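I opened the notebook with the model on screen. These entries follow what I looked up, in order.

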Amino acid sequence: MNAVNPRRWQALVVLAAAQFMVIMDTSIIGVALPDMQRDLGFSQGDLQWVFNAYVIAFGGLLLLGGRLSDLFGARKVFTTGWIILIAGSIVAAAAGNVWIEIGGRAVQGVGGALIAPASMTLLMMLFGHNPRELGKAMALYGAAAPAGGTAGVFLGGVITEYLSWPWVFIVYVPIGLATLAAVPALLPSVQGRRGSVDVLGAVSVTAGIALAVYAIVQAPGQGWSSPATLLELAGAVALLALFLVIQRTVREPLMPLGIWRTPGLATANLAMALLGAAWIPMWYFLNLYLQQVLGYGAFASGAALLPMTIAIMIFMIGVTARLLGRFGAKPLIVVGLAILALGVAGLSLVRPDGAFASDVLPASLVAAVGMSLAYIPAMMTAMSGARPEESGLASGIVNTTYQVGSALGLAVMTAIATSRGAAELGDLPKLTDGFQGAFIGAGAVAALGAVLTLLLMRGRRAASQSDAGTRAESLGA
């Protein structure tokens with residue numbers, strides 16, 4: 001192993017900032033959506049593509065990003081990811097129509113898919129020599145994710161209210177340039193290794209996910225049983241099946257299928273997919289309810305969501321890790337998803353003449369507690385059974401699963417909301433009815449996740465629980 005890097009803690013600041021920005025990119029646009037819809041001409045149903053274009057590219061290419069990091073060196077891939085993210089941010093900020101905006105967001109997602117796995121590789125290189133230091137570094141790096149989500153919601157509101165929505169993308173340019181300037185001095189140069197890139201696998205899985213989301217989005221207008229919808233869904237299934245065939249036949253696949261024999265991996269990934277499919281639609285439609293029904297401005301909407309995001313950060317860092325050590329992963333995932341379902345069900349009672357204090361705040365805080373309890377245990381369960389040489393792959397798979405679940409869940413809930421009148425922007429009762437339908441659907445998904453986890457996840461051995469608890473407490477230290 002190389003000598004200990006004397007500037008490793010300064011380097012950690014750069015890596016944590018990258019994690020912060022990648023996660024913030026999924027939340028900062030939330031409160032800006034109504035302004036973007038008005039200026040660019042998005043329909044109510046198509047507005048979700050501002051979010052999903054990023055998530056599909058990010059989630060679909062995470063495994064490829066990890067593979068490229070192995071082959072070409074993590075620092076090179078990290079740098080390339082930032083260059084792409086900056087370019088996508090400029091395109092998204094300058095967009096004058098729907099398609100350019102969606103394209104810019106997809107480019108941002110590609111950049112994020114390179115940055116995230118390269119960051120983890122660099123962190124392990126910098127701190128892998130000392131388990132205690134690694135635990136502290138992972139705690140700080142991990143805290144950057146909820147911090148990014150929190151800052152994104154509030155910062156997006158401030159920027160949109162007092163500047164304009166393009167600035168939610170422009171902010172990435174100076175931060176990205178500052179990060180690139182710090183890379184040569186702070187991040188270690190990592191040698192790549194020989195191997196091949198499964199480009200066909202990456203293309204097939206990303207295209208399959210995108211086509212599935214597109215089919216679900218278009219279904220309310222085309223009809224669920226229309227030839228167009230059925231053909232699109234069949235194409236998505238064919239592309240995803242092709243991906244599995246490729247993974248079985250190529251010499252160096254993106255996702256060796258044998259990893260699914262890892263204990264707990266499949267069930268934990270199912271829980272993560274359903275968690276994303278419940279949480280992201282809830283967050284998305286809560287943004288729209290605050291602005292389009294209650295009449296909140298961008299700043300007020302961001303501030304209204306701040307208690308929920310702060311609660312997530314506090315619980316994830318200060319509470320969940322300790323509970324995980326005491327009770328193990330399965331009870332927390334089941335209870336967390338059940339509490340999330342309860343909170344989202346509470347949001348399904350929102351009214352056209354509702355108020356934040358009664359209709360939104362209590363239920364959103366309950367949902368935040370549920371999310372906080374389920375997320376870390378599911379993530380750690382997915383990774384804890386993997387061999388050391390497979391830990392990066394397991395991490396990539398579970399992150400991909402969460403992002404894909406988020407995209408598909410948002411597409412389904414948008415279809416439900418649209419079918420119940422959420423496209424009628426001037427009609428508050430119809431809008432509210434559509435949003436209620438989306439909340440009911442998201443709550444049902446969370447409840448399903450709790451039931452399936454209870455039935456399918458095997459009880460962890462005492463040693464495994466102890467090991468998971470030790471890891472969790474190190475992350476929350």
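**Entry 1: an aromatic pair**

Does W9 count as buried, partly exposed or exposed? I looked up its relative accessibility, which is 31%, so W9 counts as partly exposed. I note here that the model is predicted.

I then checked the ring partners. The structure holds eight aromatic pairs. I picked the one that joins W9 and F127. Their ring centres are 4.7 Å apart. Their planes stand at 55°, so I logged the pair as tilted. The cut-off for edge-to-face is over 60 degrees.

Where do the two residues of this pair sit? I found W9 in helix α1, residues 8–27, and F127 in helix α5, residues 98–127. The pair therefore ties together parts that are 118 residues apart in sequence. F127 has 0% relative accessibility, so I entered F127 as buried. W9, at 31%, is the partly exposed partner.

**Entry 2: the whole chain**

I stepped back to the fold. I counted 17 helices and zero strands in the chain. The radius of gyration is 21 Å, and the globule rule gives 23 Å for 477 residues. Those values are close, so the chain is as compact as a globular protein of that length. Along its principal axes, the C-alpha trace spans about 65 × 50 × 45 Å.

Next I looked up burial. Of the 477 residues in the chain, 56% are buried. I also looked at contacts between residues at least 6 apart in sequence. Of these, 83% join residues at least 24 apart.

**Entry 3: the second largest pocket**

I turned to empty space. The second largest pocket holds about 440 Å³. I listed 22 lining residues. Closest to the centre of this pocket are V205, I209, T400, T401 and V404.

Which elements give two or more residues to this lining? I noted α3 (49–72), α9 (199–222), α10 (227–249), α11 and α15. With six residues, α15 gives the most. By class, I recorded 15 nonpolar and seven polar residues in the pocket lining, and no charged ones.

**Entry 4: the second largest cavity**

How many cavities of 30 Å³ or more does the structure hold? I found two. I examined the second largest, with a volume of about 40 Å³. Its lining consists of Q44, G45, Y284, F285, L288, T414, A417, T418 and A422. The elements that give two or more residues here are α11 (265–293) and α15 (391–419). I noted that α11 and α15 are also among the contributors to the second largest pocket.

By class, this cavity lining has five nonpolar and four polar residues. I found no charged residue in it.

Two of the lining names, Y284 and F285, came up again in my ring search. Together with F435, Y284 and F285 form one aromatic cluster.

**Entry 5: a buried serine**

My last stop was S301. I placed S301 in helix α12, residues 298–327. Is S301 buried or exposed? Its relative accessibility is 0%, so S301 counts as buried.

What does S301 touch, leaving out residues up to four places away in sequence? I wrote down V31, N287, L290, Q291 and Y296.

How values were computed. Residues numbered from 1 in each chain as written. Predicted model: local features only at pLDDT ≥ 70, side-chain atom pairs only at ≥ 80, totals over all residues. Heavy atoms only, no water. 1 Å grid on protein atoms, 1.4 Å probe; cavity = no way out; pocket = protein on both sides within 12 Å on 5 of 7 lines; lining within 4 Å. Points joined across faces, edges and corners; volume = space filled by probe spheres on them. Helix = DSSP H or I, 4+ residues; strand = E, 2+ residues; numbered from the N terminus. Nonpolar A, V, L, I, M, F, W, Y, C, P; charged D, E, K, R; others polar. Phe/Tyr/Trp six-rings, centres within 6.5 Å; stacked < 30°, edge-to-face > 60°. Buried < 20%, exposed > 50% of the residue type's maximum accessible area, 1.4 Å probe, protein only. Rg over C-alpha atoms; globule rule 2.2 N^0.38 Å. Contact = heavy atoms within 4.5 Å.
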